[in-house]
Each structure stands twice: as structure tokens, then as C-alpha cells.
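Student: Please take one helix of this model and look at it closely. Then work outward from there.

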Amino acid sequence: MNGILYGVGVGPGAPDLLTLRAVRVLGEVDVILAAASPRNDFSAALDTARPHLRADVRVLRLEFPMTRDRSVLREAWRVAAQTTRDVLESGQSAAFLTIGDPLVYSTFGYLMRTLGECAPHLAVEVIPGITSFQAAAARTRTVLCENGETLRIIPGINSRESLEDSLQQSDTAVILKAYRNLPAIAEALGATNRLESCVLASHVEQPMEKVCQGLGGACAAGETPPYMSLILSRKPQV
């Protein structure tokens, strides 16, 4: 009998923000699949989930390179899917850990699709998790949306023009991946009168958490926000 692959969202980084279902699954699976860069062994998702893991659980590291080279990425997904397939076909169940939610800007989506192509007979279940922007909103008491308002999730890697257009069409915007395109993001926020009122949050619910109002300080100092950074922006009230 084949095992089951669980895509488990472990939340923004605090071990007590996992769901009860996630904790139950982590206590039952035979193997933990931890995504990591080939450059280091660190996995924020694994560190977050560690208090809920069995002492005898086996941890397998799946390498996902930080590159936009599609051929390199496809090969990494293929290798990860084959490793996962071998585990499941041996009768063991596995949990692929992901910070936040498995279906929001996560490597799990690539693994799930690739595994579905090479082994469609294997079962996959997704355990949702609390996202970083939900945690940041809770931390800052920012209302994400109410009544007929819209909430839009925007990748910060987009062009300034695309960012500005998205901001204009949303009541509340969440800008994820806000760590290396800050000048363009700041210009878009300024053009839509949101620069001073936005919130920049990094490593929410983690020991190195930092939350601040506006981007003025970071932009003036030429700082690059940490990798796990996001921006919350509410439409100015008229």
C-alpha cells in the first residue's frame, strides 16, 4: 500500500501557530521532506515544525535552487518528485513542510504538479497554514478587507508600472517578495499615495521580527529588506 504525501503549511514561523491538523499529521508521518537551497542546510519550515516531530522521524532534504533558469528548476523538481515517489511507493507517508500556506508562493506547488505527472496514482493532501501576511495583519491590527473591499496579493518582483496598476485596483494590497525590488515598490507606493501609511514587516512571528510604518527609513538608507519581508498597504481614506 502506498503512502500519502501531505503538503503541510507550518505558518509564519512560530511553532504554536500550526493548526491542530498539521500537528496531528506531523506526528503520524514516517518522513519529513524539507526544502532547502543547495547553498545551505537551513530550513525555516523545519525549524518551525521541529517541536511537533517524532524523535524517530526521518528527514529528507530536497534541494530547490534559487534561480530563474527553467531547465535547472525542472530538473530539481524532477529529482524531488522521484525522491518523494520512492518514499510513498515504499509504503511510507511523508510531509512536505512549507512556511505559510502550501499553495501561496510555495515550492510545494511545483512538487505536487511534477509528482502528479510522473506518479498520478499517488495520493496528495494539503494542510493549509497561516500566511505571513495574515500574521503581520494580526500583529499590526490591520484590517485586510471588509464589506465590499478587495484584497490583492502582489509579487514585489513585478515592474513599477505593474505594481502601481495593481495598487490602484485594490483597497488593500499585500506585497510579497519585497526584499530586492524596494526602489520600484517605493515609487509605486508613492505614486498611489501609500508610501507613508504602509507597513513593512520582516520575519513575522520569528525571533528576528521587525515591523515598521512606511518605507522612508529603509529607502533613504538604501537598505535591502530581509528575504522574508512583506508590505501591507491600505487604500488612503478620502
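Tutor: Start with helix H6, residues 160–168. H6 lies across S6 and S7 and runs at about 170 degrees to S6. Contact here means heavy atoms within 4.5 Å. Angles run from 0 to 180 degrees between N-to-C directions, and axes are lines fitted to C-alpha atoms, for helices over the stretch in contact. Helices (H or I, at least four residues) and strands (E, at least two) are DSSP runs, numbered from the N terminus.

This is a predicted model: local features need pLDDT of at least 70, side-chain atom pairs count only at pLDDT 80 or more, and totals for chains, interfaces and linings use all residues. Residues are numbered from 1 along each chain as its sequence is written, and side-chain values use heavy atoms, without hydrogens or water.

H6 also has a helix partner. It packs with helix H7 (residues 182–191) at an angle of about 40 degrees, and the two axes are 8 Å apart. The crossing is right-handed; that is, the near helix is turned clockwise from the far one by less than a right angle, whereas anticlockwise would be left-handed. H6 brings Arg160, Leu163, Glu164 and Leu167 to this contact, and H7 brings Ala184, Ile185, Glu187, Ala188, Leu189 and Ala191. By class, that gives seven nonpolar, no polar and three charged residues. Ala, Val, Leu, Ile, Met, Phe, Trp, Tyr, Cys and Pro count as nonpolar, Asp, Glu, Lys and Arg as charged, and the others, Gly among them, as polar.

Now the sheet under H6. It is open, has five strands in the order S6-S7-S10-S8-S9, and its pairing is mixed. Strands pair if DSSP finds at least two bridges between them. Strand S6 (151–155) and strand S9 (210–213) are the edges; each has a single partner strand, so one side of each lacks a neighbour in the sheet. Neighbouring strands are turned by 15 degrees against each other on average, direction ignored. Strand S8 (residues 199–202) pairs with S9 in the antiparallel sense, over four bridges. One of the residues involved is Ser202, whose bridge partner in S9 is Lys210. Helix H5 (residues 132–140) packs on this sheet too, touching S6, S7, S8, S9 and S10. Its direction makes about 60 degrees with that of S10.

The other sheet is a useful reference. It is also open, with five strands in the order S3-S2-S4-S1-S5, and its pairing is parallel. Strands S3 (58–63) and S5 (123–127) form its edges. The twist averages 25 degrees from one strand to the next. S2 (residues 31–36) and S4 (residues 94–98) share four bridges, and Val31 stands opposite Ala94. Helix H1 (residues 20–28) lies across S1, S2, S4 and S5, at about 140 degrees to S1. Helix H4 (residues 108–118) lies across S1, S3, S4 and S5, at about 165 degrees to S5.

H4 also packs with helix H3 (residues 70–89), at about 65 degrees and with axes 9 Å apart. This crossing is right-handed as well. Residues in the contact include Trp77 and Leu88 of H3, and Tyr110 and Cys118 of H4. The classes are eight nonpolar, two polar and two charged.
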